[in-house]
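Reader: Could you walk me through this one?

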Amino acid sequence: MIDSSAFQGKKAAYYTLGCKLNFSETSTFARLLQEMGVREAAKGETADLCLVNTCSVTEVADHKCRQAIHRMIRSNPGAFVVVTGCYAQLKPEHISAMDGVDLVLGANEKANLISILSERWSAVGNASDGHLHEHYSVKTKDINSFAPSCSRGNRTRYFLKVQDGCDYFCTYCTIPYARGFSRNPTIASLVGQAEQAVADGGKEIVLTGVNIGDFGKTTGETFLGLVKALDGVEGIHRYRISSIEPDLLTDELIDYCAQSRSFMPHFHIPLQSGSDTVLKLMHRHYDCSLFAGKIKRIKEVMPHAFIGVDVMVGSRGETPECFDETYAFLAGLDVSQLHVFPYSERPGTSALSIPYVVEEPEKKRRSRLLLDLSDRKFHDFYSRFVGSEAEVLFEKAKRGRAMHGFTRNYIRVELSPNDSLPELDNQLIKVRLGDFNHDNTSLKATLL
Ligand code: SF4
């Protein structure tokens with residue numbers, strides 16, 4: 001039984017590190033707490049509850065998490081401090097020992113935040129230094145809870161978590177250890193969440209997860225089945241798939257998106273390396289030729305599609321020849337943007353047994369080369385649409401400031417401050433696309 005009186009009138013501060021999934025989960029925690037009577041602390045107010053949702057994708061991320069926890073504790077003296085997320089799952093003892101930390105909730109326990117909080121909140125007074133220093137986490141193989149989450153990111157776009165965990169165990173990655181094996185809720189429950197988003201005024205939903213294409217392991221359903229069911233939810237005009245592994249992006253799915261009512265011509269696909277040698281070392285589930293085939297298929301049926309690609313540089317085993325192959329492969333690929341990540345060593349990963357190591361300055365050089373290539377691809381892609389008409393979903397802007405929004409194929413669009421009227425917020429509007437804006441991040445647009 002949850003005692004809601006313990007929550008009434010309390011103020012909370014939230015801090016999120018890492019991916020869209022984390023941000024979406026934090027907003028859900030905030031909503032659940034709000035329903036219990038906890039409001040978000042205003043700027044300058046001291047919070048009674050601090051929640052830090054952590055990431056552990058790199059060593060730097062771990063360091064940032066520790067800094068964020070210290071900062072939260074310093075600026076909210078006496079607050080009850082909860083830490084969750086991937087770093088919390090991987091290093092629970094370490095975090096719970098930090099001065100000022102009360103609860104560390106691993107991947108399985110975060111779904112029970114409210115009940116654990118209600119139970120433990122009252123126990124704080126008994127702790128010797130006023131803090132509990134407790135941690136709850138289970139072994140990776142026992143992580144089986146699914147914390148549902150559908151949250152409004154920037155007031156316009158919703159993030160719907162459709163899947164969690166991963167069974168792939170790529171050699172450089174700790175995510176399966178931090179989030180557990182692949183699991184998902186039912187299609188029916190996700191359709192229900194999408195319908196609720198419509199009722200709250202939502203028009204666009206981004207589907208998030210760790211390995212989305214693997215959807216269905218728990219329920220015997222398929223990702224394509226989910227896509228078809230969501231396509232039928234009236235009122236949602238746009239869906240985007242946040243990221244999908246190339247081997248799970250089936251031709252059937254691509255073809256379905258091409259003729260669907262609401263799935264946008266926009267894909268984000270992790271490549272990681274354009275060298276088959278490196279892909280093998282990474283234990284990825286495809287080779288370059290499969291990847292190139294997917295891009296070709298998308299472009300055949302959706303010539304205007306925006307395609308973002310993740311690439312990791314300087315991974316163990318990436319010799320100069322392997323990097324040259326990657327560069328040449330990407331240079332010849334009709335994609336719109338590269339998301340470049342320098343490889344970072346993670347304790348416990350099998351990549352550490354690969355002897356060939358790339359030095360930091362060389363990693364930086366390779367990143368730079370790929371980022372320059374990305375800038376050119378981005379510019380080329382946007383340039384193709386200058387002068388054309390497009391439909392844009394606009395997002396709220398501060399009074400007197402330029403409004404921004406995205407076209408169906410993910411081109412960021414900027415309206416002049418004069419045209420940026422508050423009533424355009426969250427509306428689908430026809431525009432004509434003009435030239436690049438001042439910092440080349442958007443195309444300027446005029447209303448039609
Ligand atoms: S697919 Fe590979 S990189 Fe992605 S979460 Fe799973 S193990 Fe990590």
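What follows is a short round of questions and answers.

Author: Before we start, this is a predicted model, where local features need pLDDT of at least 70, side-chain atom pairs count only at pLDDT 80 or more, and totals for chains, interfaces and linings use all residues. Residues are numbered from 1 along each chain as its sequence is written.

Reader: Which residues of helix H8 are buried, and why are they on the same side of H8?

Author: Helices here are DSSP runs (H or I, at least four residues), strands are E runs of at least two, and both are numbered from the N terminus. A residue is buried if 20 or more other C-beta atoms, placed from the backbone, lie within 10 Å of its own, exposed if 12 or fewer, and partly exposed in between. In H8 (residues 223-231) the buried set is Phe 223, Leu 226, Val 227 and Leu 230. They share a side because they cover an arc (directions from the helix axis to the C-beta atoms) of only 100 degrees around the axis.

Reader: Which classes of residue make up the shell around the ligand?

Author: The residues surrounding the ligand (C-beta atom, placed from the backbone, within 6 Å of it) include Cys 166, Cys 170, Cys 173, Asn 211 and Glu 245. Ala, Val, Leu, Ile, Met, Phe, Trp, Tyr, Cys and Pro count as nonpolar, Asp, Glu, Lys and Arg as charged, and the others, Gly among them, as polar. The tally for the shell is eight nonpolar, one polar and one charged.

Reader: How many residues of domain 3 are in contact with domain 2?

Author: The domain bounds, from an automatic or database assignment, give domain 2 as 150-383 and domain 3 as 389-447. Their centres, taken over C-alpha atoms, are 26 Å apart. Contact asks for C-beta atoms, placed from the backbone, within 7 Å. On that basis 16 residues of domain 2 meet domain 3 residues numbering twelve.

Reader: Is Glu 389 buried or exposed?

Author: Glu 389 sits in strand S14 (residues 389-395). Leaving out residues up to four places away in sequence, Glu 389 touches Lys 430, Arg 432 and Leu 448. Glu 389 has 12 C-beta neighbours inside 10 Å, so the label is exposed.

Reader: What is the bridge partner of Glu 414 in S18?

Author: Strands pair if DSSP finds at least two bridges between them. S16 (residues 412-415) pairs with S15 (residues 404-407) in the antiparallel sense, while S16 and S18 (residues 443-447) run parallel, joined by three bridges. In S18, Glu 414 is bridged to Lys 444.

Conventions. Two residues are in contact if their C-beta atoms, placed from the backbone, lie within 7 Å.
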